[in-house]
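Look at the ligand and what holds it. Which contacts does the protein make, and what kind of space is filled?

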Amino acid sequence: MKIFIIGVSGRVGGLLAAHLIDRGDDVAGLVRRDEQRAALVARGITAHVAELADLTADSLAPMLAGADVVVYTAGSNGGAREATAAIDGEGVLIALDAAPLAGVDRFLLVSVLPEAGRGQRLGDDVEFYFAVKKLVDVTVSMSDLDWLILRPSLLVDRPGIGTISLSPAQPHDEISREDVAVTLAELIHEPRIRRRILELTQGSTQIARAVVANVP
Ligand SMILES: NC(=O)c1ccc[n+]([C@@H]2O[C@H](COP(=O)([O-])OP(=O)(O)OC[C@H]3O[C@@H](n4cnc5c(N)ncnc54)[C@H](OP(=O)(O)O)[C@@H]3O)[C@@H](O)[C@H]2O)c1
């Protein structure tokens, strides 16, 4: 398969690219700096250099052409509002419009558990981030594309354990980025799971089995 990752320079995006390459897939992605492109090319990843906020659906579409699926995993992680609005918000909508222009039907979005961090006085910028993520989920879920939204719980940087909990509703907990990336790779290769929101956290079910259990 050919997979285009928006956010390929990020932690989840980079781990996902590595797993897909290990599986024999072609991986391409969007980065914003030349040195990021060079590092990805050395790993066998085709990279296009552009500032996401400067792109339109028309200018992004040619980069997506030929992909079987677009994965959107870029995000501000609750940083400055301007970046959140541009990357977690507008950027997703641009990619969502660009995919059909490029002839790509499948669109996989990494979102967030909406109730993550509730009651922790997260501050206005993080509240804004959750609001933007939720609104974008609404728009993606109403699109005509073959969409899939994955909402992980708190992401942590530790080795994956290879087991997860995956279903339409999960409690907020935490999960390693590695396990998120392996789950994404499995979901990409399971086209029967489509037009669904799935929540993901650490758990006790082997990843491939957890994915198959969500096939309708
Ligand atoms: N943190 C959590 O606990 C949590 C929980 C659930 C879901 N999520 C979501 O999971 C996704 C992946 O997270 P991650 O940990 O892999 O994130 P990450 O390592 O911080 O990577 C973020 C990606 O977004 C890009 N990006 C950020 N700001 C940008 C900007 N202003 N313009 C263009 N690109 C920009 C980064 O590009 P550069 O490399 O160029 O900076 C990078 O590719 C995000 O959407 C996040 O919201 C996070």
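A polar side-chain atom of asparagine 77 lies 2.7 Å from a nitrogen atom of the ligand. Tyrosine 129 brings a side-chain N or O atom to 2.6 Å from a ligand oxygen. Glycine 75 uses its backbone: a polar atom there is 3.1 Å from an oxygen of the ligand. These are polar contacts, pairs of N or O atoms within 3.5 Å. The protein covers 84% of the 930 Å² of accessible area that the ligand has on its own (Shrake-Rupley method, 1.4 Å probe).

The model is predicted: local features need pLDDT of at least 70, side-chain atom pairs need 80 or more, and totals for chains, interfaces and linings use all residues. Numbering starts from 1 along each chain as its sequence is written, and side-chain values use heavy atoms, without hydrogens or water.

Now the shell. It has 25 residues, and Ser9, Arg32, Asn77, Tyr129 and Arg177 are the closest (a heavy atom within 4 Å of the ligand). Nine are nonpolar, nine polar and seven charged. Helices H1 (11–22), H4 (81–101) and H5 (124–141) and strand E7 (154–156) each supply at least two of the shell residues (DSSP runs, at least four residues for a helix and two for a strand).

Where does the ligand sit? It occupies the largest pocket, with more than half of its atoms within 2 Å of the pocket's grid points. A pocket is an open set of points on a 1 Å grid over the protein atoms alone, where a 1.4 Å probe fits, with protein on both sides within 12 Å along at least five of seven lines; lining residues have an atom within 4 Å of a point. About 940 Å³ of space lies in this largest pocket. Of its 41 lining residues, Thr73, Ala74, Gly75, Ser76 and Asn77 are the closest to its centre.

How values were computed
A polar contact is a pair of N or O atoms within 3.5 Å; within protein, one must be able to donate a hydrogen and the other to accept it, and residues adjacent in sequence count only if both atoms are side-chain atoms. Ala, Val, Leu, Ile, Met, Phe, Trp, Tyr, Cys and Pro count as nonpolar, Asp, Glu, Lys and Arg as charged, and the others, Gly among them, as polar. Grid points are joined across faces, edges and corners, and a volume is the space filled by probe spheres set on the points.
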